[in-house]
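Visitor: Please take me through one part of this model in detail. I would like to see how the protein meets the DNA, and then how that part sits in the whole.

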There are 2 protein chains.
Amino acid sequence: MRIGELARRAGTSTRTLRYYETHGLVRPGRSANGYRVYDEAELRVVHEIRSLLAIGFGLDDIRPFVACLRAGHDSGDVCPDSVAVLRRKLAEVDDYLDRLGSVRRRLHDQLARAIAQREETCLRTRGPAG
Amino acid sequence: MRIGELARRAGTSTRTLRYYETHGLVRPGRSANGYRVYDEAELRVVHEIRSLLAIGFGLDDIRPFVACLRAGHDSGDVCPDSVAVLRRKLAEVDDYLDRLGSVRRRLHDQLARAIAQREETCLRTRGPAG
DNA sequence: GGTTGCGTTGACGTCGGCGGCAAGGTTTAG
DNA sequence: CTAAACCTTGCCGCCGACGTCAACGCAACC
């Protein structure tokens with residue numbers, strides 16, 4: 001299969017596939033005229049890449065998962081390197097959740113105080129009976 | 001006060017202050033020799049900017065808060081435009097928290113399955129008695 | 001042989017909040 | 001007089017995952 005077909009079937013662009021290639025994630029062969037040629041397994045690889053990107057992985061993080069698939073495993077998750085990345089990413093997400101949670105509290109408080117302040121100002125402006 | 005002093009007192013750089021100026025957030029006067037001159041109130045403004053940046057606001061989001069301070073309010077939060085931004089940001093953060101939470105679940109499950117799979121493979125490799 | 005639709009490489013643009021450097025002018029201290 | 005420490009404008013670099021365009025080659029159909 002050539003690059004256009006793979007792009008369509010993977011729901012992405014040819015530019016993206018070439019980009020993955022420059023970063024060592026996808027490895028097509030070449031036909032006589034220089035066109036990239038992909039086998040069926042690469043579709044699975046591209047799906048794995050896209051799926052991991054979608055949950056916040058960088059291309060560098062994804063490399064072990066692709067290697068794991070290429071090693072013949074049914075899932076890209078099961079190899080030690082992949083597991084290590086999964087652990088690290090889980091920790092990062094937990095960390096970020098904490099920080100985002102405290103940002104949320106701060107925003108919430110700030111909003112509550114601002115509204116209270118506005119109502120108070122409003123009362124003073126219109127008088128205590130307003 | 002000139003730009004270097006304000007930068008030191010605000011805990012940031014002169015480059016940053018000029019950047020804020022190009023984006024309409026800080027408005028110094030000029031002395032005869034062309035140097036920027038800031039009054040004391042600008043320190044408060046810069047603190048407000050930094051504080052909001054730190055919790056994930058963009059410079060565009062911050063503009064109403066600065067305007068609110070300049071309008072003479074004790075807090076940058078109390079003006080209608082600021083409250084609107086606070087509401088929007090709170091909604092965005094809630095949204096992001098949801099998505100990050102589901103990413104976390106997905107990561108957690110993926111990790112759990114990967115480990116289970118590895119143990120199973122290990123057992124098969126070493127035999128049922130291993 | 002002309003058009004259309006595929007493919008190739010290469011290089012620049014995007015977004016945001018700056019960092020850092022160049023090449024100069026100003027002010028102050030010694 | 002000179003050095004040091006300020007200040008000015010202007011412009012490139014950064015990160016990451018691509019989009020987009022240029023300029024070209026290849027293949028197939030009419």
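Guide: The DNA-facing surfaces come first, then one residue, the chain and the pairing of the copies.

This is a predicted model, in which local features need pLDDT of at least 70, side-chain atom pairs count only at pLDDT 80 or more, and totals for chains, interfaces and linings use all residues. Residues are numbered from 1 along each chain as its sequence is written, while chains are lettered from A and ligands numbered from 1 in the order in which they are written.

Start with DNA strand C. It is surrounded by 17 residues. A residue counts as near a strand if its C-beta atom, placed from the backbone, lies within 6 Å of it. The closest are Gly4(A), Arg36(A), Ser13(B), Thr16(B) and Gly58(B). Helix H1 (3–10) and H2 of chain A each give two or more residues to this surface, as does helix H2 (14–22) of chain B. Helices (H or I, at least four residues) and strands (E, at least two) are DSSP runs, numbered from the N terminus. By class, the surface near DNA strand C has five nonpolar, seven polar and five charged residues. Here Ala, Val, Leu, Ile, Met, Phe, Trp, Tyr, Cys and Pro are nonpolar, Asp, Glu, Lys and Arg are charged, and the others, Gly among them, are polar.

Now DNA strand D. There are 16 residues around it. Thr16(A), Gly58(A), Arg2(B), Gly4(B) and Arg36(B) come nearest. Helix H2 (14–22) of chain A and helix H1 (3–10) of chain B each supply at least two residues. The classes are five nonpolar, seven polar and four charged.

Helix H1 of chain B also holds Ala10(B). Ala10(B) is buried, with 20 other C-beta atoms within 10 Å. The cut-offs are 20 or more such atoms for buried, 12 or fewer for exposed, and partly exposed in between, with C-beta atoms placed from the backbone. Leaving out residues up to four places away in sequence, Ala10(B) touches Leu43(B), Val46(B), His47(B) and Arg50(B). Contact means C-beta atoms, placed from the backbone, within 7 Å. Pro80(B) lies 70 residues from Ala10(B) in sequence and 27 Å away, C-alpha to C-alpha.

Step back to chain A. It has five helices and two strands, in the order α-α-β-β-α-α-α. An unreviewed UniProt entry annotates residues 1–68 as "domain: HTH merR-type". Such annotations may be inferred rather than shown by experiment; their positions follow the numbering used here, and feature names are shortened. That span is 60% helix and 6% strand, and its end C-alpha atoms lie 22 Å apart. The C-alpha atoms of chain A fill a box of roughly 90 × 35 × 20 Å along the principal axes. Its radius of gyration is 25 Å, where a compact globule of 130 residues would have one near 14 Å. The radius is taken over C-alpha atoms, and the globule rule is 2.2 Å times the number of residues to the power 0.38. Buried residues make up 22% of chain A.

Last, the pairing. Chains A and B each put 28 residues into their contact. On the chain A side, 14 are nonpolar, six polar and eight charged. A turn of 180 degrees and a shift of 0.0 Å along the axis lay chain A on chain B with an RMSD of 0.1 Å. The two copies are thus related as by a two-fold rotation axis. In chain A, the C-alpha of Leu97(A) is nearest that axis, 3.5 Å from it. The superposition is by least squares on C-alpha atoms of residues with pLDDT of at least 70 in both copies. Of the interface residues of chain A, 100% are also interface residues in chain B, so the copies meet through the same surface.

Definitions and conventions: Contact = placed C-beta atoms within 7 Å.
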